[in-house]
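Visitor: Could you walk me through this one? I'd like to go element by element and ask as we go.

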Amino acid sequence: MSDTVPKPRPRPTPTSQPYWDALRDERIVVQRCRACDHWVHYPRSRCSKCLSDQLVFQVVDGAATVYTFTVARQATAPPFVDEVPQIITIVELAEGVRFTTNLVDVAPEDVRVGMRVQPVFDHGDDGMTLLRYRPA
Amino acid sequence: MGLRGEAAIVGVADYPSERVYSGTRQFSLEQWADLSSRALADAGIASSEVNGIVCVGDVSESAMFHPATIAEYCGWSLDYAERVDLGGASAVAAVWRAAAAIELGICDVVVVTCTGRPKPELPSASPQERARTVNASSWTWGSPQSEFEVPYGDIPPNVGFAFYASRYHALYGNEPADHLARAKIAADQRTSACMNPNAAFFGKPITPEDVLASRLIADPLHILEIVMLCHGGGSVVLASKARAQRCPKRPVFLTGCGEHLAHKTPTYSVDEIPRTPISYVADRAFAMSGIDRSDIDMLQLYDCYTITVLLTIEQSGFCDPGGGLDLVRRNDLSYKGSFPVNTHGGMLGMGQPGFAGGLSMVLEATRQIRGECGNRQVRKHDTAYITGTGGIMSEQAALIVQGA
């Protein structure tokens, strides 16, 4: 039953396409504002601090810490039934931006706020790569 | 600046909260008209006197033009109308907007109604068609949430509130006793729900231990600290001071208000989690009203989750950040206690009848201040602090109300 429900996948926009292209190449890019130096994620057409349009993608190493997390003990939607218990987290990069992601290769009871994590590039059959994380 | 306390809640009405609605189904327009007529009757105000409305949530018969559709249906000639789109904070936000419009002098009788009963469905609607409406705002191309959250299973609302709870406990106390204190919020509110025959959980007391023993949904949140959707509906009528003085019941004046919002998804919260928007609102609302927190007789707080109540108590300034767990441990939060919160049981005890859940805090404060609450009446009942919360701690609004 559940495996017949397709998982929702990202649909890039013209603005976000470079982010997803980079993930496919196992690189992480984050926008930085030339006008005010603010780091911006998710990709936008204008800076979320000063509304300048001088946003440029820069490569970052993706090292992060767990900012907060939960363990979905029941699927958050039918497409995710096969991933329960699913560890859903917000991670914070050194640049200060935060990503919504999942932790893999770790038991739910071992997850802590503040733990160091590193990127995992999860390549899908559809050509999209999701950015997940595992303990560093 | 701000409200002058010259607009009052003069009429209230609601449907019971029901897990199963077995009555005749009505369209949202029909529910709007029915609920509004009951609240107007409570106010002793004729339908012909209505000259303002604020719409909240679902008027599903029309994709837009909600105010005009309602005005036409109810036969109202309006000088002020708007639609509020602030999720669970909408009802509270609608009430202060109504008061502001009245104080501006552009109208003097405003109705705010939230429908929450099931509507008739065409027999041809397939399960797929019905399912497509779930989380519709999140699935559109170009929606950041659709692109950056949904593919990771971050689908509202349990995950987001669990994010707040996890980080709160990591910062302020993660021992079993700390989780038990959070659970006590649901248990104390259930004590009040057991005095409210219109609550879905009437007659079903629980303990904090029961809450923690219930099914874990999204760590650290359990099923008994998450609202249960139900059916219902509510309506309030506000009027100018001059009109309110000719109404039969004790008028409940709005003396303070505020709202704040900055994000849709917690990942992009500008403030450090667990700071929430109400932290910007409460001081302004109290300054506007001219009363102190110690003057508040009861709190009616939007309670989609236990953590929402805990954070709202703290960040409204009733204790220090991180002090909420101790406050909950030291006080009985029920209608008969030293720190009454959600004396109707809240949505945790009553069920959440859609947008009307957020209006229930306004209705309960009004009825308490009038002294109409029978065996759950709080002893001193002149003032109340009310909040609404929308999205994942996205938008929050507050009201301070005082009986005349």
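Visitor: Let's start with the big sheet in chain B; what's the strand order of the 9 strands?
Guide: The order is S3-S2-S4-S7-S1-S8-S11-S10-S9 in chain B, an open sheet with mixed pairing. Strands here are DSSP E runs of at least two residues, helices are H or I runs of at least four, and both are numbered from the N terminus. Two strands pair if DSSP finds at least two bridges between them. Keep in mind that this is a predicted model, where local features need pLDDT of at least 70 and side-chain atom pairs count only at pLDDT 80 or more, while totals for chains, interfaces and linings use all residues. Residues are numbered from 1 along each chain as its sequence is written, with chains lettered from A and ligands numbered from 1 in the order in which they are written.

Visitor: Which strands stand at the edges of that sheet?
Guide: Strand S3 (80–84) and strand S9 (298–300) of chain B; each has a single partner strand, so one side of each is left without a neighbour in the sheet.

Visitor: And how much are neighbouring strands turned against each other?
Guide: By 20 degrees on average, with direction ignored. For angles, axes are lines fitted to C-alpha atoms, for helices over the stretch in contact, and the values run from 0 to 180 degrees between N-to-C directions.

Visitor: How do S8 and S11 of chain B pair?
Guide: Strand S8 (residues 252–261) and strand S11 (residues 395–403) of chain B are antiparallel, with 9 bridges. Within that pairing, Gly258(B) sits opposite Ala398(B) in S11(B).

Visitor: Which strands does H14 of chain B touch?
Guide: Helix H14 (residues 356–370) packs on the sheet, and its contacts include strand S1 (7–18), strand S4 (109–116) and strand S7 (231–240) of chain B. H14(B) makes about 55 degrees with the direction of S7(B). A contact means that the C-beta atoms of two residues, placed from the backbone, lie within 7 Å.

Visitor: What about the helix pair, H1 and H2 of chain B; at what angle do they cross?
Guide: Roughly 60 degrees, with the axes of helix H1 (residues 28–43) and helix H2 (residues 66–74) of chain B coming within 10 Å. The crossing of H1(B) and H2(B) is right-handed, meaning the near helix is turned clockwise from the far one by less than a right angle (anticlockwise would be left-handed).

Visitor: Which residues meet there?
Guide: From H1(B) there are Leu29(B), Trp32(B), Ala33(B) and Ser36(B), and from H2(B) there are Thr69(B), Ile70(B), Tyr73(B) and Cys74(B). By class that's 6 nonpolar, 2 polar and no charged residues. Ala, Val, Leu, Ile, Met, Phe, Trp, Tyr, Cys and Pro count as nonpolar, Asp, Glu, Lys and Arg as charged, and the others, Gly among them, as polar.

Visitor: Switching to chain A, what does the domain assignment give?
Guide: Domain 1 (11–60) and domain 2 (62–136) of chain A; the bounds come from an automatic or database domain assignment. Their centres, taken over C-alpha atoms, are 21 Å apart. In the contact between them, 9 residues of domain 1 of chain A meet 12 residues of domain 2 of chain A.

Visitor: Which element gives the most on the domain 1 side?
Guide: H1(A), with 3 residues. That side of domain 1 of chain A has 6 nonpolar, 1 polar and 2 charged residues.

Visitor: Where does H1(A) lie?
Guide: Across S1 and S3 of chain A, at about 150 degrees to S1(A). Those strands belong to an open antiparallel sheet of 3 strands, ordered S2-S1-S3 in chain A.

Visitor: How many bridges join S7 and S8 of chain A?
Guide: 7, between antiparallel strands S7 (residues 116–123) and S8 (residues 129–135) of chain A. His123(A) has Thr129(A) in S8(A) as its bridge partner. The hairpin has 5 residues between the strands, and Gly127(A) takes a positive phi near 85 degrees there.

Visitor: Last one: how many residues of chain A are in contact with chain B?
Guide: 28 residues of chain A, against 27 residues of chain B. Strand S4 (64–72), strand S5 (86–93) and strand S6 (98–102) of chain A each give two or more residues to the chain A side. That side divides into 13 nonpolar, 10 polar and 5 charged residues.
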